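I open this notebook to record what I looked up in the coordinates, topic by topic. My interest is in the core, the helix packing and some backbone details.

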Amino acid sequence: MTRIVVTGGAGRLGRSLVTGLVERGHAVVSLDRAVSDAPELRGVGQVAVDLTDAAAARDAVAGAEADALIHLAAIAVPFSAPEDVILRTNAALALNTMTAGVEAGISRIVTASSPTVIGYGAPAGWSIDRLPIDEQTPTAPWNAYALSKLLAEQTMRMLHRQTGDATRFAAFRPCYVIAPEEWAGAPTQQGHTVAERLDDPALSAPALFNYVDARDVATFVDVLLTAMTDIPNGEVFFVGADDALARRPLAELLPQYVPGTTAEASVLTGTTPAFSNAKAKRLLGWAPRHTWRDELDAHPRRAHHSGSPGPRPREKS
Ligand SMILES: NC(=O)c1ccc[n+]([C@@H]2O[C@H](COP(=O)([O-])OP(=O)(O)OC[C@H]3O[C@@H](n4cnc5c(N)ncnc54)[C@H](O)[C@@H]3O)[C@@H](O)[C@H]2O)c1
């Protein structure tokens, strides 16, 4: 059992992560702006704190008396606030919480990044030399959200340079996170359902058809925490499903939405996703258990009969 402090534990991914870590026998404390009455957080220690305040972050993280820190708190959607606010907020959150973790003597520190760091969807164009995308793919953020996630990775590396291997660090880039209730038909963050995202490839194309089940993110974090003392310090991982969130092969679909990728996408046959999860499999022995094919079959009625899609914020993953 590890005592884990999760920042942003009341959020969309945070609630599933907290649930998964508690199910695996860990004691979890969530730090978030407000105490949440979400059922997933019942019985979990919660502290209301504005983590952009460095002193408050230091007190809250030290007070959790944790062995591991998972930093999720962020403005998590591109363009959901002015660019300067997103950059300033997410940069401060990453610096404050990870620094507080180091100062509190927490030995394992993990930060959430995002696949957006590689820059797909850039208005002036984006090209890729090779698919699938993996951790060797160059980073090229084109908006403040993606830049702030790259900054979180760099903040982790900066702290690693300060502490050496006294603290173990890692960062992960979760693909578009789908929580259990969303398989059952609840709207995803963009307002439409998973089934609608599959039926209309234009909805899934901005994230290059990537996704991951939130429960698989929880198992990823669990195995990562166990492995962190044995793998190289400061590693970054993509965390994605084994298949693409698409009904047709990406070799066909991707070139329709990302012009100029016909040759590179030709390797994405069958159900192969655009994002490789091979590094997490190789270094951690982790594998995702959930796929949209099984999950939608398990919830056929509600998943295929959604209500109004509502307004659609920008894609996050
Ligand atoms: N959900 C995805 O598809 C996805 C994909 C890639 C990366 N991520 C990353 O995963 C993390 C979690 O994303 P999410 O979808 O759960 O987002 P979310 O918005 O649902 O949760 C973020 C949480 O952070 C908290 N927070 C924000 N500012 C804070 C502050 N100043 N002090 C304390 N808490 C604060 C919010 O209250 C919220 O509960 C983020 O870092 C996001 O960038 C998410």
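The entries below follow the order in which I looked things up.

**Entry 1: the model and its nonpolar cores**

I note at the outset that this is a predicted model. I began with the question of which residues touch the most other members of the largest nonpolar core. Within that core of 57 residues, these are Ile-70, Phe-172 and Phe-220. I then looked up where the core residues come from, and found that helix α8, residues 214–227, supplies the largest share, with 8 residues. A further core of 24 residues lies apart from this one, and its members include Val-49, Leu-51, Ala-60 and Ala-66.

I followed Phe-220 further and, leaving aside its neighbours within four places in sequence, I listed its contacts as Phe-172, Phe-237, Val-239, Ala-280, Leu-284 and Trp-286.

**Entry 2: Val-223 in helix α8**

I turned next to Val-223, which is also placed in helix α8. Is it buried, partly exposed or exposed? Its relative accessibility is 25%, and because buried means under 20% and exposed over 50%, Val-223 counts as partly exposed. When residues up to four places away in sequence are not counted, Val-223 touches Leu-284 and Trp-286, both of which I had already written down as contacts of Phe-220. I also looked up a separation: Val-223 and Pro-259 are 36 residues apart along the chain, and their C-alpha atoms are separated by 37 Å.

**Entry 3: helix α1 against helix α8**

I stayed with α8 and looked at its packing against helix α1, residues 12–23, where the axes come within 8 Å and cross at roughly 55°. That angle makes α1 oblique to α8, and the crossing is right-handed. From α1 the contact uses Leu-13, Ser-16, Leu-17, Gly-20 and Leu-21, and from α8 it uses Ala-214, Val-217, Ala-218, Val-221 and Asp-222. Sorted by class, I have 7 nonpolar, 2 polar and 1 charged residues in this contact.

**Entry 4: helix α3 and its two partners**

I took helix α2, residues 54–64, and helix α3, residues 83–103, and found that they pack at an angle of about 45° with their axes 9 Å apart. This makes α2 oblique to α3, and I recorded the crossing as right-handed. On the α2 side the contact residues are Ala-54, Ala-57, Arg-58 and Val-61, which meet Asn-96, Thr-97, Ala-100, Gly-101 and Glu-103 of α3. By class, the contact holds 4 nonpolar, 3 polar and 2 charged residues.

I then asked at what angle α3 packs with helix α4, residues 144–163. The angle is about 25°, with the axes 9 Å apart, which makes α3 roughly parallel to α4. Here, too, the crossing is right-handed. The contact involves many residues, among them Ile-86, Leu-87, Leu-95 and Met-98 in α3, and Leu-147, Leu-151, Met-156 and Leu-159 in α4. Its composition by class is 15 nonpolar, 5 polar and 1 charged residues.

**Entry 5: backbone details in the loops**

I looked up the peptide bond between Leu-131 and Pro-132 and found it to be cis, with omega about 0°. Pro-132 belongs to the loop between β5 (108–112) and α4.

I also checked two residues that have a positive phi although they are not glycine. One of these is Phe-79, with phi about 65°, in the loop between β4 (68–71) and α3; with a relative accessible area of 36%, Phe-79 is partly exposed. Leu-208 has a phi of about 55° and sits in the loop between α7 (201–204) and β8 (212–213). Leu-208, at 3% relative accessibility, counts as buried.

**Entry 6: Asp-199**

My last entry is on Asp-199, which lies in helix α6, residues 194–199. At 52% relative accessibility, Asp-199 counts as exposed, because the cut-off for that class is over 50%. I closed with its separation from Arg-289, which is 90 residues away along the chain: the two C-alpha atoms are 23 Å apart.

Notes: Residues numbered from 1 in each chain as written. Predicted model: local features only at pLDDT ≥ 70, side-chain atom pairs only at ≥ 80, totals over all residues. Heavy atoms only, no water. Core = buried A, V, L, I, M, F, W, Y, C linked by side-chain atoms within 4.5 Å. Buried < 20%, exposed > 50% of the residue type's maximum accessible area, 1.4 Å probe, protein only. Helix = DSSP H or I, 4+ residues; strand = E, 2+ residues; numbered from the N terminus. Contact = heavy atoms within 4.5 Å. Axes fitted to C-alpha atoms, helices over the stretch in contact; angles between N-to-C directions. Parallel < 35°, antiparallel > 145°, perpendicular 65-115°, else oblique. Left-handed = near helix turned anticlockwise from the far one by under 90°. Nonpolar A, V, L, I, M, F, W, Y, C, P; charged D, E, K, R; others polar.
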